[in-house]
Amino acid sequence: MDTSVVHGSGDAESSRGPSPGPEDIRAQLARIISSAEFPKVGRGAAFLTFVVEEALSGRAQRLKGYTVAVEVFKRSDGFTQDDPVVRIEAGRLRRALERYYLVAGQQDPIKIDIPKGGYAPYFAWNDAAITDIKEAAVEKPGKCSGQGWLRTRWLILAGLVGIVCTAALTYRTTDRFVAGAKQSNLAEVPDEPTLVVAPFANLGDGPQAELYTVGLTEELLTALPRFKEIRVFGRETSKSLPPEVQASEVRGGLGARYLLVGGVRVSGPRVRVTARLVDTSDGAILWSQNYDDDLTTRELFAIQSDVASKVATAVAQPYGIIAQAVTANPPPDDLGVYDCTLRFYAYRADLSPETHLTARACLESAVARYPTYATAWAMLSIAYLDEDRFRYNLKPGQPAPMERALSAARRAIDLEPGNTRALQSLMTALFFNQQLTEALEVGEEALATNPNDTELLAEFGTRVAISGQWKRGADLLDRAIALNPGGAGYYHGTRALAAYMLDDHAKAVGLIRKADLQKFPLFHVVAAAIYAEAGLIDDARLEGKVFTAMRPEYIRDIIDENRKRNIRPKDSIRMIASLRKAGLPVPTAAEVEAELLVSPATARP
């Protein structure tokens, strides 16, 4: 028997008291899984029984994610870590055990737990129950003489040993986990909305229909995991499900909150794909869509790739169906840290100082609890950056916002190099650190990583446009708006600025009115320039007054502010001239040109 794992100690038997024996541990296991407080749905009981028996048989070192997946969840030998089923179920099991000992198991003699960072259990005397025994012995000394008192002393000592040994094992387990993750005091990645994709049903005839069905499911399993704010079960999980799987089966067997199902019908040259997103808690259909195409005009591969991209974007993007569902109907066991990502996107849609403060505080708490959660670090980087570029909620006496923004972005990249939000945060931090070439290179990498992420599309489009590539930036922003027409207002605001620079003043006016970011100061200065150039002087003057009241120092330092944003000299001159038409007290044309066009070398073409 592997006592180093079973008892949480390196000694086979502590000289200060006996450790729980195998029969005692099995009795405790039976007590837990038969309790009304232990979940009867899912595979928690099978998971716990397997790891306990493996540890008691001396095979604790065999308890890896792969072994658990194959033995408990019946995955094939091709199981990979892309499938998160073991990590998710381990987290669920730890919470179930914690609840059990808080409610029904307070007086149980033995504690069974699974330390974070691995799947090997530890066993120890329950110190709370032993304390009660000790107190009973003090109150009734006549009942605790001879062998009874000796056993009580052994139980008390064993409880103390169990506590110390538990701490030692937890330290060793955590230390191994830390070494792998390059961090200290790590917790697991927080719970995020979980999605499983059932194989799409073949509703057509012939081999072409079957080929399309299999290919579309594969494309979805490639596109969906690129969105890092949700967790997608892997291919092996998907393949193990029948196309007609019921939502309740997914909820009970896998614990996934969302199920994506659908079907493919091929009839002659026509292809129709039906996709539905189902809430597994009640079977409600949250979203459904049909996609029709023609095999005579497009190749099969192009069609299935296009449909998969559209489905993945609609369901999983930052402002998509799952995010909307969680916001409207948060789960009973609050997702906690995922709520911080929703607060971040609420801030990005609103761009107000109030929502910035809330999102930043939540994200700081999130990275303190989950230091390896790359998405939260990336979002926090953007929140730090906005302290400087928007002058929101500056923290006195700390490292400069730009320093904190770059540090958080680089930590996110170190933790997860392919994370779209991490790449976005590094791109933005580099851009405002005057490293324009490097910033745009990172942006290109992010775009290649996930071309359907509308948050990234809009931010990268903004950076590309402001750096002088107004047409390409406008195209990227148009794509973001097409994929997410009800998305963040800044999509329309930056696209309006691009239209202004491209001399499409009617479109600029229409777009700036759609943006409607009243709490965001820079919205008003852009609106003032657009209205002035379109001849709407009264509107321009009104927006100018609002902006001056919100950011009075900006106009005074407008040349430096534009330079900090990498706006080309000729574009800066043009914007300042429009603000002059709006009646804002900007420098004269001669002063601006003298500052920005000191020598030909200072001006970018």
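Trainee: In which hand does α23 pass α24?

Mentor: Handedness is read from how one helix is turned against the other. In this predicted model, α23 passes α24 in a left-handed crossing. The contact is formed by Pro521, Leu522, Phe523, His524, Val525, Ala527, Ala528, Tyr531 and Ala532 on the α23 side, and by Ile537, Asp539, Ala540, Glu543, Gly544, Val546, Phe547 and Met550 on the α24 side. Sorted by class, the residues of this contact are 13 nonpolar, two polar and two charged.

Trainee: At roughly what angle do the axes of these helices, α23 and α24, cross?

Mentor: The axes of α23 (residues 521-533) and α24 (residues 537-550) cross at roughly 155 degrees and come within 8 Å. That makes α23 roughly antiparallel to α24, because angles over 145 degrees count as roughly antiparallel.

Trainee: How do I read the pair α20 and α21?

Mentor: Take the angle, then the hand, then the residues. Helix α20 (residues 470-483) and helix α21 (residues 489-501) have axes that cross at roughly 150 degrees and come within 9 Å. The two helices are therefore roughly antiparallel to each other. The crossing of α20 past α21 is left-handed. From α20, Trp470, Ala474, Leu477, Asp478, Ala480 and Ile481 make the contact, and from α21, Tyr491, His492, Thr494, Arg495, Leu497, Ala498 and Met501. This contact of α20 with α21 has nine nonpolar residues, two polar and two charged.

Trainee: Turning to strands, which side chains of β1 point to the buried face?

Mentor: Look at the side chains face by face. In β1 (residues 110-113), Ile110 and Ile112 point to one face and are buried, whereas Lys111 and Asp113 point to the other and are not. Strand β1 pairs with β2 (residues 122-125) in the antiparallel sense, over four bridges. Within this pairing, isoleucine 112 of β1 is opposite phenylalanine 123 of β2.

Trainee: Why is isoleucine 112 called buried?

Mentor: Isoleucine 112 has a relative accessible area of 1%, and buried means under 20%, so the label applies. Leaving out residues up to four places away in sequence, isoleucine 112 touches Ile25, Gln28, Leu29, Ile32, Leu48, Val52, Leu97, Tyr101, Tyr122 and Phe123. Leucine 29 is 83 residues away along the chain from isoleucine 112, with 7.8 Å between their C-alpha atoms.

Trainee: Are the side chains on the two sides of β3 buried or exposed?

Mentor: Here each side has to be checked. Thr194 and Val196 point one way from β3 (residues 194-197), Leu195 and Val197 point the other way, and all are buried.

Trainee: In what sense does β3 pair with β5, and how does β3 run relative to β6?

Mentor: The pairing of β3 with β5 (residues 231-232) is parallel, over two bridges, and leucine 195 faces valine 232 of β5. Strands β3 and β6 (residues 258-267) also run parallel, joined by three bridges. There, valine 196 stands opposite leucine 259 of β6.

Trainee: What is threonine 217 in contact with?

Mentor: Threonine 217 lies in helix α8 (residues 207-223). Beyond its neighbours within four places in sequence, threonine 217 contacts Val197, Ala198, Pro199, Phe200 and Ser238. Threonine 217 is buried, at 8% relative accessible area.

Trainee: Where is glycine 65 found?

Mentor: Glycine 65 is in helix α4 (residues 65-71). Glycine 65 is buried, with a relative accessible area of 11%. Between glycine 65 and arginine 87 there are 7.7 Å, C-alpha to C-alpha, at a sequence separation of 22 residues.

Notes. Residues numbered from 1 in each chain as written. Predicted model: local features only at pLDDT ≥ 70, side-chain atom pairs only at ≥ 80, totals over all residues. Heavy atoms only, no water. Axes fitted to C-alpha atoms, helices over the stretch in contact; angles between N-to-C directions. Parallel < 35°, antiparallel > 145°, perpendicular 65-115°, else oblique. Left-handed = near helix turned anticlockwise from the far one by under 90°. Contact = heavy atoms within 4.5 Å. Nonpolar A, V, L, I, M, F, W, Y, C, P; charged D, E, K, R; others polar. Buried < 20%, exposed > 50% of the residue type's maximum accessible area, 1.4 Å probe, protein only. Pairing = 2+ DSSP bridges.
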